[in-house]
Amino acid sequence: MCHFSINDFNFLQNNPPQGSMQNNFDCRVRCLLGSVNQLPIMRLVQPLRKGCTGVNPKSLDAFDLSANNLVKYTDYGHWYVFTTGFREMAQFNIGMYGNYLRVGIGFDISRTVKHASPNVGHNVANSFNKFKEFVLNNKSSFISAVYKILTQVSTYCPGSSFGVEYGASLLSTNKYPITDLIDFIQQIAPKQIHNNYVFTHPNNGNSDWFFVGALLKPNDYIWPCSQNCSQATSGLGGSQIAINLLDIVKLVFTELFPYLGNSL
C-alpha cells in the first residue's frame, strides 16, 4: 500500500541498513514527490532558481525523478530528499527519522557530500545569510507563516510542531515560542575554518546542517503518498484515519516559498 504509517517510523528506529531502507522507501518517496512536483507552487521552483542564478536546470521538476540517487539514505535510520540542483543553496527538504518527518527549508554547508563543488561552503553561507536577513527583516510575516503551518499540522497530526534542526539540536514550538526560534536563527553564523565552512552558534556549537520547518509526529494514522492512493485508504484499520500529507507539504512549501526565493 502506498502510504507512510507508524510502522515506517518504528522501522527507522532500529537503524536499518541503507539497502533495506532503500528497498522499503524508495518507491513510496518517489510517488510522493511525483505528486509534490505537480503542485502549482513547485512549478515555480526551477524557473525561480534560473532567474536568480542564471543556471539552466537539468530538470524542470523540483524533484528530478529520473535521478537514481534522488532519495538519500544514512546509516542512522534517516532518509531525505532536497530540490534538484539546490545542493549549494537553500533547498526545499523532506526527511524522515524514527520519531518525526520534517518538511521545510534546509542548508547543508559541508563539502563531504559527493558532487559538491570546492565553493559549496561559501555558496551555502551566502544563501543562509540571505535567508537569515530576510527572516529578521520580516519577523511578523515569518511568525504569521509559522502559525498557519502550526494550525494545520497540529490539527491533523497532534503533537506535531514547527522547529529548527541544528546538528544534534532540535528546537520546536512544543517547548519554545516562535520568537525563541527566531533568536536562535539570528545567533547562527557561517564561519570558514581552514578550507571548510561550518555553521556556528554560541550555545550549541558547530554544525554542517540547518533546517527550519514542520516536524510531523507519527500516530495511529496513515499518510497516503499521493492524492490518488486508493490502496492506502483501503488498508485502514478500525482506529486509523488517513492524513493528507500532500496538503501539508503544499502548505509548508507555499508559506516558506518567499524565504527560499530570497535566499538564492
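**Notebook: strands, sheets and cores**

I began with strand β4: Gln91, Asn93 and Gly95 point one way from it, Phe92, Ile94 and Met96 point the other way, and all are buried. The model is a predicted one, so I checked the burial of β4 against the cut-off: buried means under 20% relative accessible area. By that count 6 of the 6 residues of β4 (residues 91-96) are buried, so the strand is largely enclosed by the rest of the structure.

**Confidence**

I looked up the pLDDT next. The protein averages 92, and 93% of the residues score at least 70. Over residues 230-234 the value is below 50; I noted that this stretch has 8 contacts in the model beyond near neighbours in sequence.

**Partners of β4**

I followed the pairing on both sides of β4. Strand β3 (residues 79-82) is joined to β4 by 4 bridges, and the two run antiparallel. Val81 has Ile94 as its bridge partner in β4. Toward strand β5 (residues 101-108) I found 6 bridges from β4, again antiparallel. There the bridge partner of Ile94 is Val103 in β5. The link between β4 and β5 is a hairpin through 4 residues.

**The sheet of 7 strands**

Which strands stand at the edges of the sheet that holds β4? I wrote down the order first: the open sheet runs β2-β3-β4-β5-β11-β6-β7, with antiparallel pairing. The edges are β2 (72-73) and β7, each with a single partner strand, so one side of each is left without a neighbour in the sheet. At the β2 edge, β2 and β3 pair over 2 bridges in the antiparallel sense. Lys72 is matched there with Tyr80, its bridge partner in β3. Helix α5 packs on this sheet, where it touches β6 and β11, and its direction makes about 115° with that of β6.

**Leu33**

I then picked Leu33, which is found in helix α2 (residues 18-37). Is Leu33 buried or exposed? Its relative accessibility is 0%, so Leu33 counts as buried. Not counting residues up to four places away in sequence, Leu33 touches Phe63, Leu65, Leu70, Val81 and Ile94. Two of these names I had already met, as Val81 and Ile94 are bridge partners. I also looked up a pair remote in sequence: Leu33 and Ser226 are 193 residues apart along the chain, and their C-alpha atoms are separated by 8.5 Å.

**Cores**

The largest nonpolar core has 76 residues, and Phe4, Met42, Trp79, Phe210, Trp223 and Phe253 touch the most other members. Helix α8 (residues 245-261) supplies the largest share of this core, 11 residues. Another core lies apart from it and has 5 residues, among them Tyr97, Tyr100, Trp209 and Leu215. For Met42 I listed the contacts, leaving aside neighbours within four places in sequence: Val36, Asn37, Ala62, Phe63, Thr83, Phe92 and Phe253.

**Tyr259**

In helix α8 I looked at Tyr259. Tyr259 has a relative accessible area of 4% and is therefore buried. Beyond its neighbours within four places in sequence, Tyr259 is in contact with Ile105, Phe131, Phe134, Val135, Asn138, Ser141 and Phe142. From that list I took Asn138: Tyr259 and Asn138 are 121 residues apart in sequence and 9.9 Å apart in space, C-alpha to C-alpha.

**The sheet of 3 strands**

I turned to the other open sheet, which has 3 strands in the order β8-β9-β10 with antiparallel pairing. Its edges are β8 (189-193) and β10 (205-207); each has a single partner strand, so one side of each is left without a neighbour in the sheet. On average, neighbouring strands here are turned by 45° against each other, direction ignored. Between β8 and β9 (residues 196-201) I found 5 bridges, running antiparallel. Ala189 has Thr200 as its bridge partner in β9. Helix α4 (residues 120-137) packs on this sheet and touches β8 and β9; its direction makes about 30° with that of β9.

**Helix α6**

My last entry concerns helix α6 (residues 178-187), whose buried residues are Ile178, Leu181, Ile182, Phe184 and Ile185. Why do I place them on the same side of α6? They cover an arc of only 155° around the axis, which puts them on the same side of the helix. The buried residues of α6 pack against α4, α5 (139-156), β6 (161-166), β7 (169-172), β9 and β11 (209-216).

Note on methods: Residues numbered from 1 in each chain as written. Predicted model: local features only at pLDDT ≥ 70, side-chain atom pairs only at ≥ 80, totals over all residues. Heavy atoms only, no water. Core = buried A, V, L, I, M, F, W, Y, C linked by side-chain atoms within 4.5 Å. Buried < 20%, exposed > 50% of the residue type's maximum accessible area, 1.4 Å probe, protein only. Contact = heavy atoms within 4.5 Å. Pairing = 2+ DSSP bridges. Axes fitted to C-alpha atoms, helices over the stretch in contact; angles between N-to-C directions. Arc of directions from axis to C-beta. pLDDT = per-residue confidence, 0-100.
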